[in-house]
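Reader: I'd like a close look at one part of this model. Keep it brisk, and start with the chain as a whole.

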Amino acid sequence: MTEILELLKKQTTWFDIVESKGTSTPISFKNNRVHSILEKQNSGYGIRVNKSGKTGFSYSNSSDNLMETAKMALDLSKFGDDEPFSLPGQCKKSFDPYSEEIKNFSIDHEITECEKAIKEITSQFQNAIVDININKSQGSSKIINSTGFENSYINSYYSISISVSDVNEKNKIDIWESASDLKPINYEHLVKTILTKLENAHSILKTDSGKIPVIFTPKAFSRMLGIIAGGLNSKAVHKGISPFADKVDKKIFNSNFSLIDNPTLQESPYSYPFDDEGVIADKKYLIVNGVIENFIADLKYAEKLNIQPGNASRGYSTLPGPSFSNIEIS
């Protein structure tokens with residue numbers, strides 16, 4: 001690595017190296033029974049360089065040929081985009097998005113719990129077809145750059161999603177629930193919610209035509225937030241395809257509505273101490289009292305729009321791009 005760093009220091013304006021390691025264990029149930037159990041490992045290195053103002057990139061799954069990877073990134077830079085921004089310096093890591101309890105994950109326990117959940121659902125709705133997907137992963141991310149940044153963090157992730165299809169003589173009902181955490185969780189509440197929704201869905205009611213008030217559930221509201229969030233991405237703003245591109249400092253939402261991107265939330269698997277370019281994590285107030293104030297950005301688009309970076313996301317095999325962490329609404 002020392003030899004590679006010396007080469008890059010001599011031939012680049014700036015560079016960064018990302019190292020990613022991780023293992024995951026996805027468990028899948030389909031049609032009320034076990035479908036697959038896998039163990040996956042994934043690791044690699046990504047090298048991004050800026051030479052004569054243009055950026056080149058290459059990656060490898062092995063540390064044995066990193067010198068060739070670095071030379072490839074240098075060669076490709078002549079075809080890259082103009083990116084005159086600078087990289088962040090060293091920062092102090094404030095936390096790891098990791099829980100030691102991820103080590104308590106047990107395939108046998110998960111299978112037993114899934115079978116219990118399926119039995120509980122099908123005992124009340126005999127025609128129900130249940131699919132369950134569970135994933136447990138843990139790993140680490142490390143960044144080294146030409147400005148002196150060298151830091152890493154470990155992460156853990158657990159997710160569970162349950163989907164149910166129930167067919168009767170009149171209709172077909174599809175319902176799903178999901179949850180995620182830093183550690184394995186008890187998901188009995190998801191099963192109870194699904195059973196309640198199935199029971200309610202079988203009660204078909206009619207209403208008078210005309211204008212009626214509508215209350216959105218949290219899940220329905222989050223779907224709407226996804227549409228809004230897409231317009232708050234600096235890449236979409238710069239390309240001119242965001243409906244909010246020319247509406248900064250303008251009030252276009254209800255004054256009760258504020259939206260924050262917060263990567264510092266504790267106990268969330270979507271948090272991080274610094275983003276994938278080494279920018280320290282911080283809250284971003286995007287919409288405040290109905291007024292658009294900011295957009296999420298990586299270094300590239302932050303420089304183009306003259307806004308705050310800190311939302312870069314990438315794997316070792318990809319270049320960074322703007323991405324949300326945790327969305328909060330007041």
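What percentage of the contacts in the protein chain with a separation of 6 or more comes from residues 24 or more positions apart? After that, please go closely through helix 5 and the sheet on which helix 5 packs.

Author: The figure is 68%: that part of the contacts with a separation of 6 or more joins residues 24 or more positions apart. Contact means heavy atoms within 4.5 Å. The model is predicted, so local features need pLDDT of at least 70 and side-chain atom pairs pLDDT 80 or more, while totals for chains, interfaces and linings use all residues. Numbering runs from 1 along each chain as its sequence is written, and side-chain values use heavy atoms, without hydrogens or water.

The whole chain comes before the detail. It has 330 residues, and 43% of them count as buried. Buried means under 20% relative accessible area, exposed over 50%, and partly exposed in between, with a 1.4 Å probe and protein chains only. The C-alpha trace spans about 70 × 50 × 35 Å along its principal axes. Seven helices and 13 strands make up the secondary structure. These are DSSP runs numbered from the N terminus: helices are H or I with at least four residues, strands E with at least two.

Now the sheet. It is open and holds four strands, in the order 10-9-8-13. The pairing is antiparallel. Strand 10 (291-292) and strand 13 (327-329) are the edges. Each has a single partner strand, so one side of each has no neighbour in the sheet. Strand 8 (residues 259-261) and strand 9 (residues 284-288) are joined by three antiparallel bridges. Two strands pair if DSSP finds at least two bridges between them. Leu-259 has Ile-287 of strand 9 as its bridge partner.

Helix 5 (residues 218-230) packs on this sheet. Strand 8, strand 9 and strand 13 are touched by helix 5. The directions of helix 5 and strand 13 make about 110°. Axes here are lines fitted to C-alpha atoms, for helices over the stretch in contact; angles run from 0 to 180 degrees between N-to-C directions.

Next, the helix itself. Helix 5 has 13 residues, and its end C-alpha atoms lie 18 Å apart. That agrees with the 18 Å expected at 1.5 Å a residue. The expected span is 1.5 Å times one less than the number of residues. Leu-225, Ile-228 and Ala-229 are the buried residues of helix 5. They fall within an arc of 95° seen down the axis, so they line one face of the helix. The arc is taken from the directions from the helix axis to the C-beta atoms. Strand 8, strand 9 and strand 13 are among what covers these buried residues. Arg-223 and Ile-227 are exposed on the other side of helix 5.

Helix 4 (residues 188-201) can be set beside it. Helix 4 has 14 residues and reaches 20 Å from its first C-alpha to its last, close to the expected 20 Å. Leu-190, Val-191, Ile-194, Leu-195 and Leu-198 are buried there. They cover an arc of only 135° around the axis, which puts them on the same side of helix 4. Their cover includes helix 3 (107-124), strand 6 (150-167) and strand 7 (172-181). On the other side of helix 4, Glu-199 and Asn-200 are exposed.
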